[in-house]
Every structure is written in structure tokens, then in C-alpha cells.
Amino acid sequence: QVQLVESGGGLVQAGGSLTLSCAASGNIFSINRMGWYRQGPGKQRELVADITRGGSINYADFVKGRFTISRDNAKNTVYLQMNSLKPEDTSVYYCNIVMVPPWGGTREYWGQGTQITVSS
């Protein structure tokens, strides 16, 4: 089994900053992609940012220039530094990883979600 433990969520004023972290543990194989998604009330889950093992990064347009994703492969941990937060960033943020097991295929896992609330 694989466990993803997220931390760093909370309440912040508009313009403030928060850093999320997500540590993967358990039966870990090669983690290809690590990322963050978010889901607001009544909305679909959407990609915020992801990063491959080799360091290729993809950001959603609505966070470009404000959020920074990074990862520590030795610690199986992914981070999301969020600056200049806006009320519309209020959502539950989910960690996501995609692993490549030795027997082929891919395995995807999700964290439990952490609430980010940005007050105006």
C-alpha cells in the first residue's frame, strides 16, 4: 500500500502565502509524476501543477507566476509554494502521484485533501 500525507493547508488572507507538502510512503516504486489538483465547491477537480521525475513542470494558467511546484526524489515528497493567494484559490487541494511498478503499467494515488481558504 501507498500512503500520501499532506500538510500545510489552512486559512490565509488574500495576498498571503502558504506551502503545501505531500510525502509518499509505503510500497513505493519509481514515482514518475507528482502533482497537485484542487476542487472547489460544486466544481470539477482540476490540475494545479505537476512535475516529472526529470523535473519537467506543468502549471495551470491560473497559477502561473504565483505558485511553484518542486519535489525531493530522495524523500518522495512534493511541495507547492503558493504566493499572492486570491479568494478564488479557495479549494480542497489534493496531492497526486503516478508510479511505474516493475511489472509495468502505472499506479495512481491520491492524498486525502487539504483545505485552503483565502479570505478577502
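In this predicted model, strands β9 and β11 (residues 114-119) pair in the antiparallel sense, over three bridges. Within that pairing, Tyr-93 stands opposite Thr-114 of β11.

**Pairings of β9**

Strand β9 spans residues 91-100. Eight of its 10 residues are buried, so β9 is largely enclosed by the rest of the structure. Besides the pairing with β11, β9 is joined to strand β4 (residues 30-39) by nine bridges, and these two strands run antiparallel. Ser-30 has Val-100 of β9 as its bridge partner. Strand β10 (residues 107-110) is joined to β9 by four bridges, again in the antiparallel sense. There, Ile-97 stands opposite Tyr-109 of β10. β9 and β10 form a hairpin with six residues between them, and Gly-104 in the turn has a positive phi of about 100°.

The strand pairings described in this report, with the number of bridges and the sense of each, are listed below.

| Strand pair | Bridges | Sense |
|---|---|---|
| β9 and β11 | three bridges | antiparallel |
| β4 and β9 | nine bridges | antiparallel |
| β9 and β10 | four bridges | antiparallel |
| β7 and β8 | six bridges | antiparallel |
| β2 and β11 | four bridges | parallel |

**Strand β11 and Thr-114**

β11 also pairs with strand β2 (residues 10-13), in the parallel sense and over four bridges. In this pairing Leu-11 stands opposite Thr-117 of β11. The side chains of β11 alternate along the strand. Thr-114, Ile-116 and Val-118 point to one face and are buried; Gln-115, Thr-117 and Ser-119 point to the other face and are not buried.

Thr-114 is part of β11. Its relative accessibility is 12%, and because the cut-off for a buried residue is under 20%, Thr-114 counts as buried. Leaving aside residues up to four places away in sequence, Thr-114 touches Glu-6, Gly-9, Leu-20, Ser-91, Val-92 and Tyr-93. One of these contacts, Tyr-93, is the residue that stands opposite Thr-114 in the pairing with β11. Another, Ser-91, is 23 residues from Thr-114 along the chain, and the C-alpha atoms of the two are separated by 8.4 Å.

**The β7 and β8 hairpin**

Strand β7 covers residues 67-72. It is joined to strand β8 (residues 77-82) by six bridges, and the two run antiparallel. Ile-69 has Leu-80 of β8 as its bridge partner. As in β11, the side chains of β7 alternate. Phe-67, Ile-69 and Arg-71 point to one face and are buried, while Thr-68, Ser-70 and Asp-72 point to the other and are not. The buried set on β7 thus includes a charged residue type, Arg-71.

Four residues lie between the strands of this hairpin. Asn-76, in the loop between β7 and β8, has a phi near 50°, a positive value in a residue other than glycine. At 19% relative accessibility, Asn-76 counts as buried, since the cut-off is under 20%.

Ser-84, in the loop between β8 and β9, likewise has a phi near 50° and is a residue other than glycine. Its relative accessibility is 41%, so Ser-84 counts as partly exposed.

**The chain as a whole**

The chain has zero helices and 11 strands, and its elements from the N terminus on are β-β-β-β-β-β-β-β-β-β-β. For 120 residues, a compact globule would have a radius of gyration near 14 Å; the value for the chain is 14 Å, which agrees. Along the principal axes, the C-alpha atoms fill a box of roughly 50 × 25 × 25 Å.

Of the 120 residues, 42% count as buried. Among contacts with a separation of 6 or more, 54% are accounted for by residues 24 or more positions apart. The chain exposes about 6,100 Å², of which carbon and sulfur atoms supply 48%. There are 11 positive and 8 negative charges, and their mean positions are 3 Å apart.

Key:
Residues are numbered from 1 along each chain as its sequence is written. This is a predicted model: local features need pLDDT of at least 70, side-chain atom pairs count only at pLDDT 80 or more; totals for chains, interfaces and linings use all residues. Side-chain values use heavy atoms; hydrogens and water are left out. The radius of gyration is taken over C-alpha atoms; the globule rule is 2.2 Å times the number of residues to the power 0.38. Buried means under 20% relative accessible area, exposed over 50%, partly exposed in between (1.4 Å probe, protein chains only). Contact means heavy atoms within 4.5 Å. Accessible areas come from the Shrake-Rupley method with a 1.4 Å probe; for residues, only the protein chains shown count as cover. The place of a charge is taken as NZ of Lys, CZ of Arg, CG of Asp or CD of Glu. Two strands pair if DSSP finds at least two bridges between them.
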